[in-house]
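Here are a few exercises to work through with the model open beside you. Try each task yourself, then read the solution step by step.

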Amino acid sequence: MFRVDRFNEITEEKMNSILIIGGTGNVGFNLIRELLNRYNVIYTSRSRSTIEELENILSNQDYSGKLYGRILDLTSQKSIEDFYFYIKQINKKIHNIVICSGVDSDIPIDNFDFEELNYNISVNFLGPVNLLSKLVKDWLSDGCSGNIVNISSLCAIRGQKNSSIYSASKAAMEAFVRNLSIELAPRNIISNTIRIAATGSIMNKKDSKSKVKNGQSNSYYDLEKIPTNEIINYRSLANLIEFLIENKGIVGQDINFDQGLSTLYPFHKNEN
């Protein structure tokens, strides 16, 4: 059994640790599976039942690293404060943060709703920024080095119908990380963004039951319009994250990991 039942158990481990903010969507879940053989993984979800489901899925598999899930609602200041209180105990041992949180409402502008708008921006931008500001402050106070990898989307730089809220919030997060890199690189904290596409999943909605997104589907895409004729490979994405963590010379970059779609996007999806 690989689960870490107490945060302080991680401090006893020689293996490096990584924090994945938003670990139960399709991207986060698949990254956990790939990274658990390289790191101890702390991940977040807004639902206890989802954490239990994810750990049940992974419990029968053999991984080198240990896993710990913690509830975090990025739209709630109290939840962010509670999570920070717990994570602060081992912050010196966590030198790597991957931001995977994301929701997409798929709403046309004539159906915009302030509550939905606020929810999307909080999950995709305001919440992660709020939490990062606390964690990085501790890194700086303790003189720690660190790595921040923001998982973004080609929507941030390419247009897509009914995705204006999602795209704008992702673009805001990219700009934050890009400018943060200039501020923090002299203090040995490195920040980069990876833009992904064709993930094989449909984003979580606000009213979803927050179940683990396990598996991928090709049916959402016209594979012949994707240059590599395939959807994302999560092992390769995990390799890229590890490469960014290990190579300090790559700073403040927005890297397209998109199967070549940055030249075609968004014309790779099947029409309904």
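**Exercise 1. Find out whether the two faces of strand β5 are buried or exposed.**

Start with the terms: buried means under 20% relative accessible area, exposed means over 50%, and partly exposed is in between (1.4 Å probe, protein chains only). Helices (H or I, at least four residues) and strands (E, at least two) are DSSP runs, numbered from the N terminus.

Step 1: Recall that side chains in a regular strand alternate between the two faces of the sheet.

Step 2: Take one side of β5, where Gly146, Ile148, Asn150 and Ser152 are all buried. On the other side, Asn147, Val149, Ile151 and Ser153 are buried too.

Step 3: Put that together: in β5, residues 146-153, 8 of the 8 residues are buried.

A note before you go on: this is a predicted model, in which local features need pLDDT of at least 70 and side-chain atom pairs count only at pLDDT 80 or more, while totals for chains, interfaces and linings use all residues. Residues are numbered from 1 along each chain as its sequence is written, and side-chain values use heavy atoms, leaving out hydrogens and water.

**Exercise 2. Work out which strands pair with β5 and what links them.**

Step 1: Look for bridges; two strands pair if DSSP finds at least two bridges between them.

Step 2: Strand β4 (residues 94-99) runs parallel to β5, with 4 bridges, and Ile97 sits opposite Ile148.

Step 3: Strand β6 (residues 189-196) is also parallel to β5, with 8 bridges. Here Asn147 has Ile190 as its bridge partner.

Step 4: Follow the chain between the strands. Helix α4 (residues 114-142) completes a right-handed β-α-β unit with β4 and β5, and helix α5 (residues 164-184) does so with β5 and β6. Right-handed means that, with the strands pointing away from the viewer, the path from the first strand over the helix to the second runs clockwise.

**Exercise 3. Describe the largest nonpolar core.**

Step 1: Know what to look for: a set of buried Ala, Val, Leu, Ile, Met, Phe, Trp, Tyr and Cys residues joined through side-chain atoms within 4.5 Å.

Step 2: The largest such core has 31 residues, and Leu31 and Ile194 have the most contacts inside it.

Step 3: Among the elements that each supply at least two of its residues are β1 (17-21), β5 and β6. Helix α6 gives the largest share, 7 residues.

Step 4: Zoom in on Leu31. Setting aside neighbours within four places in sequence, its contacts (heavy atoms within 4.5 Å) include Ile20, Val98, Tyr234 and Ile241.

**Exercise 4. Trace the salt bridges of Arg178.**

Step 1: Use the cut-off: a side-chain nitrogen of Lys or Arg within 4 Å of a carboxyl oxygen of Asp or Glu. The structure holds 9 salt bridges.

Step 2: Arg178 bridges to Glu174, with the closest N and O atoms 3.7 Å apart. Both lie in α5, 4 residues apart, about one turn of the helix.

Step 3: Arg178 also bridges to Asp254, this time with the closest N and O atoms 2.8 Å apart. That pair links distant parts of the chain, since Asp254 is in strand β7 (residues 254-257), 76 residues from Arg178.

Step 4: Join the pieces: salt bridges with shared partners connect Glu174, Arg178, Arg195 and Asp254 into one network.

Step 5: Check accessibility. Glu174 is buried at 2%, whereas Arg178 is partly exposed at 31%, as is Asp254 at 26%.
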